[in-house]
Amino acid sequence: MTAEKTERPLLQFAAPRRAKPARHLADLTMPERRAAVAELGEKPFRADQLSRHYFSHLTTDVAEMTDLSAAAREKLSVLLPPLLTSVRELTTDAGTTRKTLWRLFDGALVESVLMRYPDRVTMCVSSQAGCGMNCPFCATGQAGLTRNMSTAEIVEQVVSGARALAANEVPGGPGRVNNVVFMGMGEPLANYKAVIGAVRRLVDPAPDGLGISARGITVSTVGLVPAINKLADEGLPVTLALSLHAPDDELRDSLVPINTRWKVHEVLDAAWAYAAKTKRRVSIEYALIKDINDQEWRADLLGKLVKHKLVHVNLIPLNPTPGSKWTASRPEDERAFVRRLEFHGVPVTVRDTRGREIDGACGQLAAAE
């Protein structure tokens, strides 16, 4: 008798049980840091000093923290364990787009992308190793879910990017991270607690955090309705990006399998409630796939669903992934889709496909060595 092939579940909400990374300063709130420092036998104010080194000076080497005694540095180093090891960096756009492959402590692999523009720097970060949402056109979704990332593992991606900018390692002179988008590997709202912790570390003013404006943070989701409702109550005016990709349930059931759990109208109702509570415009993400979801009648349906709402539609030419049977829409179909949305008075743009050459664009992150 031969064993039957077992297929991966359509949706994976629970991450496989694995060992957790060591506790890091960035996992903790400032009161928790003070308590942790006191447990190590140091005065609580040392937590402020340690936080200033990490979040303001972007320092992780305790040997450089000369305002601390050698004995204090040795004890406090336990709160700054190494979390990410760079495996490979790829660059394009004359070095202003950088994709980094990171190895986590347990061998799991994730990727982040830094994109420098003339007026800003955006970092695309991962929140899970792999993804359990199984969207068939996304390289990450096809990899399955390895594990959730910790708050500090998420934050360290941004700190590492900020460190490279401050050190003038990215063309354009010294700079800082202005925007962070949770659009890398993983479904952010399926790792809710760690992602919210990371957002708070990113927006808290120094020395508690990095001091990035909440308006510069975007959290994406395929549509986990209860988590969207919960996010609306957090008091964090971040942008919600909803990966819709189809305006009708029949097609979205196959493109975005979460739609078998929460239908288009339920997901959009949650998005509108989020916009009403936060006063933040919702971004509707829509990957244009040739002859699949790019028909003008679907543009009309989408336009009718979102017009008169606090919304912006972000069209994404499908980025190629290995083995995919799908490709980007024809330019004329893309233009027609835009025209139909504009006819309905819907704000719409076509996303820049930055990083495509290094498999660093939307839907391409696969963390392959």
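Here a biologist and a modeller discuss a predicted model.

Biologist: What is the mean pLDDT of the protein?

Modeller: This is a predicted model, so confidence comes up early. Of the residues, 93% reach 70 or more. The mean pLDDT is 92.

Biologist: Over which residues is the pLDDT below 50?

Modeller: One stretch falls below that value. Beyond near neighbours in sequence, the stretch has zero contacts in the model. It covers residues 1-6.

Biologist: In what order do the strands of the open sheet run?

Modeller: The sheet has 10 strands, and the pairing is mixed. The twist averages 20 degrees from one strand to the next. The order is β1-β2-β3-β4-β7-β8-β9-β10-β11-β12.

Biologist: Which are the edge strands?

Modeller: An edge strand pairs on one side only. Two strands fit that description, at residues 85-92 and 348-350. They are β1 and β12.

Biologist: In what sense do β1 and β2 pair, parallel or antiparallel?

Modeller: Strand β2 spans residues 97-103. Across the pair, S86 stands opposite W102 in β2. The two strands are joined over seven bridges, and the sense is antiparallel.

Biologist: Is T100 buried or exposed?

Modeller: T100 lies in strand β2. It touches S86, R88, E89, V110, E111 and S112, not counting residues up to four places away in sequence. Its relative accessible area is 6%, and buried means under 20%, so T100 is buried.

Biologist: How many disulfides does the structure hold?

Modeller: A disulfide needs two cysteine sulfur atoms within 2.5 Å. For C131, the nearest cysteine sulfur is that of C138, 6.5 Å away. For C138, the nearest is that of C135, 6.4 Å away. The count for the structure is zero.

Biologist: What is the relative accessible area of C131?

Modeller: C131 is in no disulfide. The residue is buried, because its value falls under the 20% cut-off. That value is 8%.

Biologist: Which residues touch the most other members of the largest nonpolar core?

Modeller: In soluble globular proteins, nonpolar side chains tend to be buried together. The largest core here has 109 residues. One of its members, I217, is in contact with V180, F182, V199, L202, V203, I212, V238 and T239, leaving aside neighbours within four places in sequence. The residues asked for are V180, F182, V199, I217, L224, V313 and L315.

Biologist: How many residues make up the second core?

Modeller: This core is separate. Among its members are V113, M115, Y117 and C124. Its size is five residues.

How values were computed. Residues numbered from 1 in each chain as written. Predicted model: local features only at pLDDT ≥ 70, side-chain atom pairs only at ≥ 80, totals over all residues. Heavy atoms only, no water. Pairing = 2+ DSSP bridges. Helix = DSSP H or I, 4+ residues; strand = E, 2+ residues; numbered from the N terminus. Axes fitted to C-alpha atoms, helices over the stretch in contact; angles between N-to-C directions. pLDDT = per-residue confidence, 0-100. Contact = heavy atoms within 4.5 Å. Buried < 20%, exposed > 50% of the residue type's maximum accessible area, 1.4 Å probe, protein only. Core = buried A, V, L, I, M, F, W, Y, C linked by side-chain atoms within 4.5 Å.
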